[in-house]
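Here's a quick briefing to read with the model open in your viewer. Have a look at the fold before going through the bullets.

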Amino acid sequence: MLMVKNTLLHKAFEASDIDFSPLYDCLKGNTAIMFTQTANVPAKLIKEYKKEGIPALKGAYAEESFFVGADKLEELVAIKSKNELIADVISLLQSPIKNVVSGLNAGGKIHGLLDAIAERNK
């Protein structure tokens, strides 16, 4: 986290390949900037310490989207990290396999399991 001069940050935004114009109006008063590899980490920190007098969110650029205003904090917190998304996909992929294995273990008879699957697909 760094404290920055608004004019210097504005010039850095202009020199970037990304159009940061939605954030230009946020560059008033004291400005701190956070850089991270995980989009929702700064938002979670701001939300956690919000009660202790940390200033509100002015604006953010995360996952190729702009979030302007303190009311967008919850949206930023809700963004899932890459690791969270991978865990979700693995969980979804494992679910059908677990159902088949538990069905085989519970009944012990493949015939009963196949009948149940055939009945469900009708």
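What follows goes from the overall layout to the helices, strands, salt bridges and surface.

This is a predicted model, where local features need pLDDT of at least 70 and side-chain atom pairs count only at pLDDT 80 or more, while totals for chains, interfaces and linings use all residues. Residues are numbered from 1 along each chain as its sequence is written, and side-chain values use heavy atoms, with hydrogens and water left out.

**Overall layout**

- The protein has five helices and four strands; helices (H or I, at least four residues) and strands (E, at least two) are DSSP runs, numbered from the N terminus.
- Starting at the N terminus, the order of elements is β-α-β-α-β-β-α-α-α.
- Of the 122 residues in the protein, 20% are buried; buried means under 20% relative accessible area, exposed means over 50%, and partly exposed is in between (1.4 Å probe, protein chains only).
- Take the contacts in the protein with a separation of 6 or more: 53% of them are between residues 24 or more positions apart. Contact here means heavy atoms within 4.5 Å.
- The accessible surface adds up to about 9500 Å², and carbon and sulfur atoms own 58% of that. Accessible areas come from the Shrake-Rupley method with a 1.4 Å probe, and for residues only the protein chains shown count as cover.

**Helix α1 and strand β1**

- Helix α1 covers residues 6–15, and its Asn6, Leu9 and Phe13 are buried. They sit on the same side of α1, because they cover an arc of only 65 degrees around the axis; the arc is that of the directions from the helix axis to the C-beta atoms.
- Flip to the other side of α1 and you'll find Thr7, Leu8, Lys11, Glu14 and Ala15 exposed.
- β1 (2–4) and β2 are among what covers the buried residues of α1.
- Methionine 3 is in strand β1, and it counts as exposed at 61% relative accessibility.
- Apart from neighbours within four places in sequence, methionine 3 is in contact with Asn30, Thr31 and Ala32. Its C-alpha atom is 6.0 Å from that of threonine 31, although the two residues are 28 apart along the chain.

**Helix α2**

- Pro42, Ala43 and Ile46 are the buried residues of α2. Looking down the axis of α2, they fall within an arc of 100 degrees, so they line one face of the helix.
- Those buried residues of α2 pack against α3 (73–78).

**The β3–β4 hairpin**

- Side chains alternate along strand β3 (residues 59–62): Ala60 and Ala62 point to one face and are buried, whereas Gly59 and Tyr61 point to the other and are not.
- Four bridges pair β3 with strand β4 (residues 65–68) in the antiparallel sense; two strands pair if DSSP finds at least two bridges between them.
- Alanine 60 has phenylalanine 67 in β4 as its bridge partner.
- Two residues lie between β3 and β4 in this hairpin, and glutamate 63 in the turn has a positive phi of about 50 degrees.

**Salt bridges**

- Searching the whole structure turns up four salt bridges, each being a side-chain nitrogen of Lys or Arg within 4 Å of a carboxyl oxygen of Asp or Glu.
- One of them joins lysine 44 and glutamate 84, with the closest N and O atoms 3.8 Å apart. Lysine 44 is in helix α2 and glutamate 84 in helix α4 (residues 82–107), so this pair ties together parts 40 residues apart in sequence.
- Lysine 44 is partly exposed at 36% relative accessible area, and glutamate 84 is partly exposed at 30%.
- Another links glutamate 74 with lysine 47, where the closest N and O atoms are 3.3 Å apart. Glutamate 74 belongs to helix α3 and lysine 47 to helix α2, so the pair ties together parts 27 residues apart in sequence.
- Aspartate 88 and lysine 80 also meet through their side chains in a salt bridge (2.6 Å, N to O).

**Nonpolar surface patch**

- Met1, Met34, Val41, Leu45 and Tyr49 make a nonpolar surface patch of about 450 Å². Patches are made of residues with over 30% relative accessible area and no salt bridge, with like charges joined within 9 Å and nonpolar side chains (Val, Leu, Ile, Met, Phe, Trp, Tyr) within 5 Å.
- Methionine 34 is in the loop between β2 (31–33) and α2 (41–49), and is partly exposed with a relative accessible area of 31%.
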